[in-house]
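Hello,

Here is the structure I promised to pass on to you. Please have a look at it first, and then read on for what turned up in it.

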Amino acid sequence: MRIRLCLAALSLAGGAGLATVAAPTATAAACTDVDVVAARGTFEPGTLGFIVGDPVYSAIQKKITGKTLSSYKVNYPADLSPTSAAQGNADLVNHVRSQAASCPNQRFVLVGYSQGANVVDNSIGISSAGAVVGSPIVATIPATLEPRVAAVLLFGNPIRALGKSVTGTYQSRTIDFCAQGDPVCESGGNDVGAHLGYTANADAAATFAAGKV
């Protein structure tokens with residue numbers, strides 16, 4: 001698994017020429033207080049993502065008390081196809097819109113690891129085009145729903161290797177982990193193993209999210 005993840009994360013730069021991507025029809029889940037929406041990394045196993053999504057959600061459950069929680073695994077290939085991140089972008093935005101319409105008081109925590117960070121970046125209006133397994137933006141969370149996004153948790157974010165980061169509206173609600181030497185998020189990084197170690201940041205990410213909800 002380690003080798004496959006490393007190769008997937010490092011071998012392809014996503015980019016131009018994407019066809020229009022349609023998200024599948026979203027079905028609203030239960031109306032919890034907080035919905036944790038997680039986009040996994042390339043070929044990452046697990047319910048929400050073995051390295052990031054699952055441990056982060058578990059940590060959030062421990063940190064956020066007195067509120068009901070739910071989770072959603074972004075429905076996208078998470079592979080090396082040129083439209084993969086765009087499909088995730090469309091599905092994430094579609095899910096948030098559907099949930100927000102059905103659950104007027106629900107708030108959201110967005111979680112993205114590696115290619116999943118590209119998915120989240122695009123969904124909040126920061127293009128990942130030109131980044132490793134990135135894509136142009138195909139959908140963004142509407143401005144009317146922006147206040148309901150409580151926190152954005154990013155790990156091994158490929159746009160950082162381009163010198164970009166989350167700025168603007170969501171900046172104060174975003175925490176963006178890039179391990180030293182991680183070549184996916186650090187230009188010139190050469191420690192492939194660093195890209196697989198973000199489970200260690202789950203508690204810090206959950207603490208940040210709990211402070212924003």
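**What was found**

I will start with a single contact: the side chains of S70 and D35 are joined by a polar contact of 2.8 Å. Please keep in mind throughout that this is a predicted model. S70 belongs to strand β2, and with a relative accessible area of 13% it is buried, because anything under 20% counts as such. Beyond its neighbours within four places in sequence, S70 is in contact with T32, V34, D35, V36, Y57 and Q106. D35, the partner in the polar contact, is thus one of the residues on that list.

**The chain as a whole**

Since you are new to this one, here is the overall layout. The protein chain has five helices and five strands. Read from the N terminus, the elements follow the order α-β-α-β-α-β-α-β-β-α. Of the 213 residues in the chain, 52% are buried. If you take the contacts with a separation of 6 or more, 73% of them are between residues 24 or more positions apart.

**Two helix pairs**

Two packed helices are described by the angle between their axes and the distance between the axes. Let me go through two pairs in those terms.

The pair α3 and α4 has axes that come within 8 Å and cross at roughly 50 degrees. These two helices are therefore oblique to each other, and their crossing is right-handed. Which residues meet there? From α3 they are S84, A85, G88, N89, L92 and V93, and from α4 they are Q115, N118, V119, V120, N122 and S123.

For α2 and α5, the axes are 8 Å apart and the packing angle is about 45 degrees. This pair, too, is oblique, and α2 passes α5 in a right-handed crossing. On the α2 side, the residues involved are P55, V56, A59, I60 and K63. They meet A202, D203, A206, T207, A209 and A210 of α5.

**The buried side of α5**

Helix α5 covers residues 202–212, and its buried residues are A202, A205, A206 and A209. They lie on the same side of α5, because they cover an arc of only 100 degrees around the axis. What do these buried residues pack against? The answer is α2 (53–63), together with the strands β3, β4 (149–155) and β5 (174–177). Among the four, A202, A206 and A209 also appear in the meeting with α2 described above.

**Two residues with positive phi**

Finally, there are two spots in loops that I would like you to look at on screen.

- A78 has a positive phi of about 50 degrees, although it is not a glycine. This residue sits in the loop between β2 (69–73) and α3 (84–102). Is A78 buried or exposed? With a relative accessibility of 0%, A78 counts as buried.
- S114 is not a glycine either, yet its phi is positive, at about 55 degrees. You will find S114 in the loop between β3 (107–113) and α4 (115–123). Its relative accessible area is 2%, so S114 is buried.

That is the tour. When you open the model, you could begin with S70 and D35 and their polar contact, and then turn to the crossing of α3 and α4.

Happy viewing, and best wishes

Key: Residues are numbered from 1 along each chain as its sequence is written. This is a predicted model: local features need pLDDT of at least 70, side-chain atom pairs count only at pLDDT 80 or more; totals for chains, interfaces and linings use all residues. Side-chain values use heavy atoms; hydrogens and water are left out. Buried means under 20% relative accessible area, exposed over 50%, partly exposed in between (1.4 Å probe, protein chains only). A polar contact is a pair of N or O atoms within 3.5 Å; within protein, one must be able to donate a hydrogen and the other to accept it, and residues adjacent in sequence count only if both atoms are side-chain atoms. Contact means heavy atoms within 4.5 Å. The arc is that of the directions from the helix axis to the C-beta atoms. Axes are lines fitted to C-alpha atoms, for helices over the stretch in contact, and angles run from 0 to 180 degrees between N-to-C directions. Angles under 35 degrees count as roughly parallel, over 145 as roughly antiparallel, 65 to 115 as roughly perpendicular and the rest as oblique. A crossing is left-handed if the near helix is turned anticlockwise from the far one by less than a right angle, and right-handed if clockwise.
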